[in-house]
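Please walk through the fold of this chain, with attention to how its helices pack against one another.

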Amino acid sequence: MNGKVVVVVGATGGIGQALVPELAKLGAKLVLASRNLDKLTNLEMTLPPQTPVLIQPTDITDYSQVQALFTAAKAEFGQIDVLVNVAGAGILKQYNKIEPADLDAMLDLNLKGNFYTSQLAAEAMKETKGGHICNVIGILGKHSMAMGSAYCASKFGAVGFSKCMAEELKRFGIKFTLFYFGGIDSPFWDQVSLKVDRSKMLSPATAAQSILFALQAEPQAVPMEINIQPESHLFF
């Protein structure tokens with residue numbers, strides 16, 4: 001990872017905050033994106049002073065802002081080697097309680113925003129004939145759950161486009177890894193009305209270590225999918 005340019009989208013969330021310091025320790029050049037500038041600034045201040053880092057406030061539901069993110073990243077560091085997509089949000093309601101605005105919010109962020117970042121990262125990676133895109137999907141991109149209709153729609157869609165892109169881009173040396181984590185104890189759940197026992201969830205550090213494993217696999221190895229779930233709540 002030393003010297004690689006890593007774009008982390010959703011850098012100030014639970015998984016992002018666990019992952020970014022580990023990437024800094026490994027010598028990565030960091031491009032950190034989230035909606036909140038103050039949180040980005042605070043995260044940057046936790047990193048060693050010598051860490052090459054660019055912070056870029058970005059709403060990934062806005063294509064022009066995603067374009068600006070990758071333009072700034074290439075201007076600062078010259079190329080993109082890795083994209084880690086950990087941005088996401090959840091609305092869990094009965095199917096007949098889902099409002100049009102709920103569905104739009106899920107599709108705009110979890111599907112379209114993820115698509116935009118993957119698309120533009122891939123275009124940058126084609127220039128150097130290599131790269132790695134890590135899309136953190138979540139277990140509800142692989143399994144259905146009651147009250148998850150809108151959320152699952154967005155996540156199943158993200159799986160679909162990721163696999164299609166992987167097929168198109170493998171000839172350019174661009175790898176995709178999809179992560180199906182079960183419940184992660186992170187701020188994601190702060191806005192979810194569903195009652196859950198967060199003490200039994202996976203830690204953000206567990207997710208971060210899984211991402212690092214994929215990124216540090218030997219060059220000829222492609223960890224295509226990584227599925228980790230809490231023992232208390234398993235999908236098979």
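Helix 3 (residues 63-77) and helix 4 (residues 100-128) are roughly parallel to each other, because their axes cross at roughly 30° and angles under 35 degrees count as roughly parallel, over 145 as roughly antiparallel, 65 to 115 as roughly perpendicular and the rest as oblique. The two axes come within 9 Å; axes are lines fitted to C-alpha atoms, for helices over the stretch in contact, and angles run from 0 to 180 degrees between N-to-C directions. The crossing of helix 3 and helix 4 is right-handed (the near helix is turned clockwise from the far one by less than a right angle; anticlockwise would be left-handed). Helix 3 contributes Tyr63, Val66, Gln67, Phe70 and Lys74 to the contact, and helix 4 contributes Tyr116, Thr117, Gln119, Leu120, Ala121, Ala124 and Glu127, where contact means heavy atoms within 4.5 Å. By class, the residues of this contact are seven nonpolar, three polar and two charged (Ala, Val, Leu, Ile, Met, Phe, Trp, Tyr, Cys and Pro count as nonpolar, Asp, Glu, Lys and Arg as charged, and the others, Gly among them, as polar).

The model is predicted: local features need pLDDT of at least 70 and side-chain atom pairs count only at pLDDT 80 or more, while totals for chains, interfaces and linings use all residues. Residues are numbered from 1 along each chain as its sequence is written, and side-chain values use heavy atoms, with hydrogens and water left out.

A second packing pair is helix 1 (residues 14-25) with helix 6 (residues 204-215), whose axes are 8 Å apart at an angle of about 50°. Helix 1 and helix 6 are therefore oblique to each other, and their crossing is right-handed. On helix 1 the contact is made by Gly14, Ile15, Ala18, Leu19, Glu22 and Leu23; on helix 6, by Pro204, Ala205, Ala207, Ala208, Gln209, Ile211, Leu212 and Leu215. These residues divide into eleven nonpolar, two polar and one charged.

Over the whole protein chain there are six helices and seven strands, which are DSSP runs numbered from the N terminus (helices H or I, at least four residues; strands E, at least two). From the N terminus on, the order is β-α-β-α-β-α-β-α-β-α-β-α-β.

The radius of gyration of the protein chain, taken over C-alpha atoms, is 17 Å, which agrees with the value near 18 Å for a compact globule of 236 residues (2.2 Å times the number of residues to the power 0.38). Buried residues (under 20% relative accessible area, 1.4 Å probe, protein chains only) make up 50% of the 236 residues.
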